[in-house]
Every structure is written in C-alpha cells, then in structure tokens.
Amino acid sequence: MSLTIIQVDAFTKRPFTGNPAAVCFLPEPRGERWMQDVAREINLSETAFLTRRGEEGDFNLRWFTPSVEVALCGHATLASAHVLWETGQLDEREEARFHTRSGLLTARREGDWIELDFPATREERAQEVPEGLAEALGVLPKYVGRNALDYLVEVETEEILRGIRPDFQSLKHLDVRGVIVTSLSDSAEYDFVSRFFAPGSGVDEDPVTGSAHCCLGPFWSSRLGKHEFMAYQASERGGVVRVRTRGSRVGLCGQAVTVMRGELL
C-alpha cells in the first residue's frame with residue numbers, strides 16, 4: 001500500500017525558506033530500520049513518522065535524520081501539527097498531542113502561528129571546553145555551556161556569528177548532538193540570533209532548530225530578564241521562532257507552509 005509523504009517548510013510563512021521536514025502518517029507502526037531507510041532516502045534534516053493512538057488528538061511521533069533517530073525535534077513537530085490540521089485529521093480548534101521519546105508534546109493554533117509546548121533543556125557552564133571546539137568554529141567564544149543534547153557557544157556579535165565557516169569534520173567528533181552558536185541581534189526586530197551545527201547527527205547546518213530554542217530561551221531569559229523573545233536563526237534559508245519561557249517548559253511559536261506531496265510506493 002502506498003503512503004503519502006508531505007513536505008513542509010517550518011518556522012516560516014514563505015516557501016523555500018525555514019526548515020523543510022517530511023511528514024509520513026502511518027496507518028500502523030513500522031520498524032525502526034524501515035523508518036531510517038525512508039529518512040535516508042528523503043534526505044532532509046528530519047522526517048517525522050506519525051501513528052494515531054486510541055485517544056482523540058493523540059499520536060505517536062518519531063523523528064529521524066538521514067543517519068540517526070533523534071530524541072527531540074521542533075521543526076518536524078511543527079510540520080506534523082500543520083499537516084494534521086491541513087488534512088482535516090484534526091479540527092483547527094483541537095490540540096495536537098504527541099507522545100515522543102521526550103515525553104508528551106502539544107501543539108495548538110494561534111491565528112497563523114502554531115505554538116508547541118516543549119521541555120526546557122537548560123545549559124550549565126561547561127567545566128571543560130572541548131579541545132578543538134573554538135578552532136572548529138573559527139571564533140573566540142564569549143561563553144561555552146552544555147546541556148544533555150548540545151554545546152551552546154555565545155559569541156560577541158551577530159557579524160561574528162554570520163561569518164562562521166565551521167570545520168564540520170572536527171565538529172563531527174564531539175560527543176553531543178550538535179553545537180548551538182548564539183549572539184544578541186543587531187536588528188531591533190529580533191532579540192537574539194543563532195545557528196546550529198550537527199554533523200555528528202548527519203546535518204552539517206540545520207536551517208531552523210526548534211529544540212535548540214528550548215535551551216536558547218532560558219539562556220537569554222537569565223541574561224535579559226524577560227520571558228518572551230523573537231528569535232532569528234541565521235542559516236542560508238533562515239527562519240523565525242517566537243519563544244516563551246515558563247519554568248520547566250518552553251513555548252515555541254512558528255508558521256509553516258506545505259510545499260510538496262509525494263507517494264511512497
């Protein structure tokens with residue numbers, strides 16, 4: 001039986017920007033090897049696989065890069081919620097509830113935006129800066145922190161951040177999912193900017209990384225003394241994330257647009 005795969009650009013309202021994710025709705029669970037093969041074939045930063053649970057509005061959700069399964073992914077969750085509402089599998093007034101390796105995640109519509117409720121992944125100052133990290137990024141870090149998933153590197157200016165040309169081969173050997181780089185924004189439109197590099201997870205630079213903002217929100221909240229932010233991820237494609245911190249949770253708001261539908265034979 002053929003399966004429909006829908007490609008969505010997430011954290012953007014314009015096609016061909018933001019972060020593309022593939023969403024595959026499964027009538028019944030499939031094996032991990034099969035899902036990994038499909039994700040490698042599609043070759044986007046993430047492919048999301050959804051299966052409905054018994055409860056109304058509840059779904060099992062798993063995310064795969066071309067090379068590994070990941071524990072948390074914002075843009076593919078945003079894309080999944082967008083698809084469920086767009087295809088009528090959920091009414092627009094219904095909350096989407098996703099059961100994942102990172103616990104229960106929810107999504108709700110807020111006008112043209114979708115808000116995800118995610119766990120905060122706070123960082124702490126790294127006790128030891130890994131050898132070669134600064135050299136691989138080609139920058140002098142202002143601060144280096146680490147959480148359970150990633151290193152977080154703060155640099156002095158947005159100009160420095162945008163100018164980074166990483167040595168991906170060196171970054172690939174770090175014992176983390178990826179490296180978040182951030183700075184204050186030069187623009188009054190945004191509070192902070194970021195980039196995200198994860199060559200060890202099969203993605204050299206992720207266009208827009210929702211899960212990274214689960215760390216960036218609390219990080220900048222502690223420094224700026226506020227709880228709501230407009231953030232920009234300064235990849236080549238670029239994307240916008242509204243961030244709301246609330247204790248142990250983070251609200252990630254973004255827009256999404258469907259760009260392609262395909263049939264998996």
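The following exchange covers the cores, the main pocket and one serine of this predicted model.

Residues are numbered from 1 along each chain as its sequence is written, and side-chain values use heavy atoms, without hydrogens and water. Local features need pLDDT of at least 70 and side-chain atom pairs pLDDT 80 or more, while totals for chains, interfaces and linings use all residues.

Student: Which helix gives the most to the largest nonpolar core?
Tutor: A nonpolar core is a set of buried Ala, Val, Leu, Ile, Met, Phe, Trp, Tyr and Cys residues joined through side-chain atoms within 4.5 Å. The largest has 51 residues, and W63, F98, A107 and L252 have the most contacts inside it. Seven of its residues come from one helix, residues 74–86, which is α2.

Student: How many residues does the second, separate core have?
Tutor: This core includes A126, V153, Y190 and A234. Its residue count is 21.

Student: Is S221 buried or exposed?
Tutor: S221 lies in helix α6 (residues 213–224), helices being DSSP runs of H or I with at least four residues. It touches K226, H227, F229 and T245, not counting residues up to four places away in sequence, where contact means heavy atoms within 4.5 Å. Buried means under 20% relative accessible area, exposed over 50% and partly exposed in between, with a 1.4 Å probe and protein chains only. The relative accessibility of S221 is 11%, so this residue counts as buried.

Student: How far apart in space are S221 and A126?
Tutor: In sequence, S221 and A126 are 95 residues apart. From C-alpha to C-alpha, their separation in space is 19 Å.

Key
Helix = DSSP H or I, 4+ residues; strand = E, 2+ residues; numbered from the N terminus.
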